[in-house]
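Trainee: Please take a close look at one part of this model, the metal site, and then place that part within the rest of the chain.

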Amino acid sequence: MSEAAIGFAKANGGRFVEELKALLRIPSVSTAPEHVEDVRKAAEFVADGLRAAGLENVSLIETTTVHRKGHPLVYGDWLHKAGKPTVLLYGHYDVQPAEPLEEWKSPPFEPTERDGNIYARGAVDDKGQMWMHVKALESLMKSDGGLPVNVRVIVEGEEEVGGEGIAAFVREHGDQLKADAALVSDTEMFAPELPTLCVGLRGMIYTELEVKGAATDLHSGMYGGAAPNPFVALAQIIAKLKDEDGHVSIPGFYDGIEAPTAEELAAWKTLPFDEEQYRRHEVGSTELTGEPQYSVLERTWSRPTMDVHGMPGGFIGAGAKTVIPAKAVAKISFRLVPGMKPEATFAKYKVFVESIVPRGTQVSVRMIHSGEPIVVSTDNEYIRAAKAAMAEVFGKETVFVRGGGSIPIVGDFVRELGIPTVMMGFGLPDDNLHAPNEKFHLANFHRGIESIVRFLDGVGAP
Ligand code: BES
Ligand code: MN
Ligand code: MN
């Protein structure tokens, strides 16, 4: 069964990569209003790919949230295998902004092959991995005339901005995505050549903290010393959110969090992790930071954190300007772990910030988006099929890891749809997600297609 499809994928691998390049040329940056037409073009491209693969009922589903009109979802299905399970395949076609552009060795939206990798924004996160799904389905359809299981495909265009549209769709029309399990390829392998299933993700709240001081911008010579400076106030607030040991100081922040089990912690200790290599080659800093009593894997997978992403406002042009800005903003997010709730965490944060407002300033906090943390069960036939499929393709035992990142909809698949979710990802630790020179290792693109073919075959096996 799968051998014919794998033969098809091998014979057509070059074409699959060329198609992926065409998709990567579309700058579908979901957060940027100037790219809304590009985002839609990418959605159409995915829809065409699903039609070409032989899926049915392919359509764009418009999304709207309370705030705005969203980017479309792409849907397709093939439901002709009565008696077999239905698998929901998920991916996202939107990407993060490519800036800073001058750091890229080749332009972000001109996919370029170098040393067995394809470099472009979205190469691995998630266009390349989503395209593996489409090409695995095509390979099965074209070689066997059908699929081993029933399939629904849902691809979103707002994952990188919080995924509100798909969340609303799942809440209101969950029945249209009815399935027995979900397959997500939007995570990483723990190390090159090491087949990996991701079984947990952190949740997050992404917020904006605004501080206002004077009624208008002021000359810092005339008013400096008497007028409040909102950037200084912001720095004072931020400095009180987290201490030097990476401990978040918000009262009650850690209440109720669930630690990993002893088995999970023991398994993490057996993973091939070299902290010095990680510091030097992945992080590139003089030291690693964070809670000293936890390992790096615990700190990034099972402990919550706070980070600041940027502080828009004030004078950031070249040269000097002596101004006391009237207001300052910081983009601040928290990563959440099981036992934490986005709304409750936001409420504690707001209360704390309001209790430490520097004199002469007014502070407001707002939530931009949020997503729940998730740990999936590993005790089901879908995880077993995925584990076996990857082990076969890579010739090694599959390991279980968690991811420090977030994919908001995965929590809804588990909670709203109540289905086991398999996170089978093919990224590598040095793929530069969200950073300049993002890449996808082409061998993993092809092995990913083969793994997905074998997984679907395994799920459909009698
Ligand atoms: N694919 C990533 C999430 C990820 C990366 C999970 C690596 C596990 C390992 C996803 O596209 C992503 O970047 N998500 C955002 C979340 C969002 C709400 C903006 C993130 O984690 O910052
Ligand atoms: Mn992603
Ligand atoms: Mn991402």
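Mentor: Donors here are N, O and S atoms within 2.8 Å of the metal, and water is not among the atoms, so sites may look incomplete. With that in mind, the donor residues of the manganese ion (ligand 2) follow the spacing H-x32-D-x60-D in sequence. The model is predicted, and what follows should be read as a description of that model.

The manganese ion (ligand 2) is held by H92 through NE2, by D125 through OD, and by D186, which is listed twice with OD. These donors lie at 2.0 to 2.4 Å. The 6 donor atoms around this ion subtend angles of 58 to 164 degrees, which makes the arrangement irregular. To count as octahedral, six donors need opposite donors over 155 degrees apart and all others between 65 and 115. The lower end of the range, 58 degrees, does not meet that rule. For reference, ideal angles for six octahedral donors are 90 or 180 degrees.

Two of the ligand 2 donors come from separate stretches of the chain. The manganese ion (ligand 2) has donor spacing H-x32-D-x60-D, and the pair H92 and D125 links distant parts, 33 residues apart. H92 belongs to strand β3 (residues 86-92), whereas D125 sits in the loop between β5 (117-119) and α4 (127-144). Both H92 and D125 are buried.

D125 also ties this ion to a second one: the manganese ion (ligand 2) and the manganese ion (ligand 3) are 3.6 Å apart, and D125 coordinates both. Around the manganese ion (ligand 3), the protein donors are D125 (OD), E160 (OE, listed twice) and H434 (NE2), at 2.0 to 2.6 Å. The site of ligand 3 is also irregular, with angles of 55 to 154 degrees among its 6 donor atoms. Its donors are spaced D-x34-E-x273-H along the chain. E160 and H434 are 274 residues apart and link distant parts of the chain. E160 is in the loop between β6 (150-156) and α5 (164-173), and H434 in the loop between β17 (421-424) and β18 (439-441). E160 is buried, with a relative accessible area of 12%, because the cut-off for buried is under 20%. H434 is partly exposed, at 41%.

As for the wider setting, the protein chain is divided into domain 1 (2-201 + 373-459) and domain 2 (203-257 + 304-371). Their centres, taken over C-alpha atoms, are 35 Å apart. The contact takes 11 residues from domain 1 and 11 residues from domain 2. Between them the domains bury about 710 Å², 58% of it on carbon and sulfur atoms. On the domain 1 side, G162, P373 and S406 lose the most area to domain 2, together 57% of what that side buries. The rule finds 0 salt bridges across this interface.

Two further residues complete the view. S2, in helix α1 (residues 2-11), is buried at 10% relative accessible area and touches V453, R454 and D457, leaving out residues up to four places away in sequence. Y206, in strand β9 (residues 203-212), is also buried, at 17%. Beyond its neighbours within four places in sequence, Y206 has contacts that include H309, K331, R366 and H369. The C-alpha atoms of Y206 and P342 are 9.6 Å apart, with these positions 136 residues apart along the chain.

Terms used: Residues are numbered from 1 along each chain as its sequence is written. Chains are lettered from A and ligands numbered from 1 in the order in which they are written. This is a predicted model: local features need pLDDT of at least 70, side-chain atom pairs count only at pLDDT 80 or more; totals for chains, interfaces and linings use all residues. Side-chain values use heavy atoms; hydrogens and water are left out. Donors are N, O and S atoms within 2.8 Å of the metal (3.2 Å for Na, K and Ca); water is not among the atoms, so sites may look incomplete. Four donors count as tetrahedral if all angles lie between 85 and 135 degrees; four count as square planar and six as octahedral if opposite donors are over 155 degrees apart and all others between 65 and 115; anything else is irregular. Helices (H or I, at least four residues) and strands (E, at least two) are DSSP runs, numbered from the N terminus. Buried means under 20% relative accessible area, exposed over 50%, partly exposed in between (1.4 Å probe, protein chains only). Domain bounds come from an automatic or database domain assignment. Contact means heavy atoms within 4.5 Å. Buried area is the accessible area (1.4 Å probe) that two parts lose on being put together, summed over both. A salt bridge is a side-chain nitrogen of Lys or Arg within 4 Å of a carboxyl oxygen of Asp or Glu.
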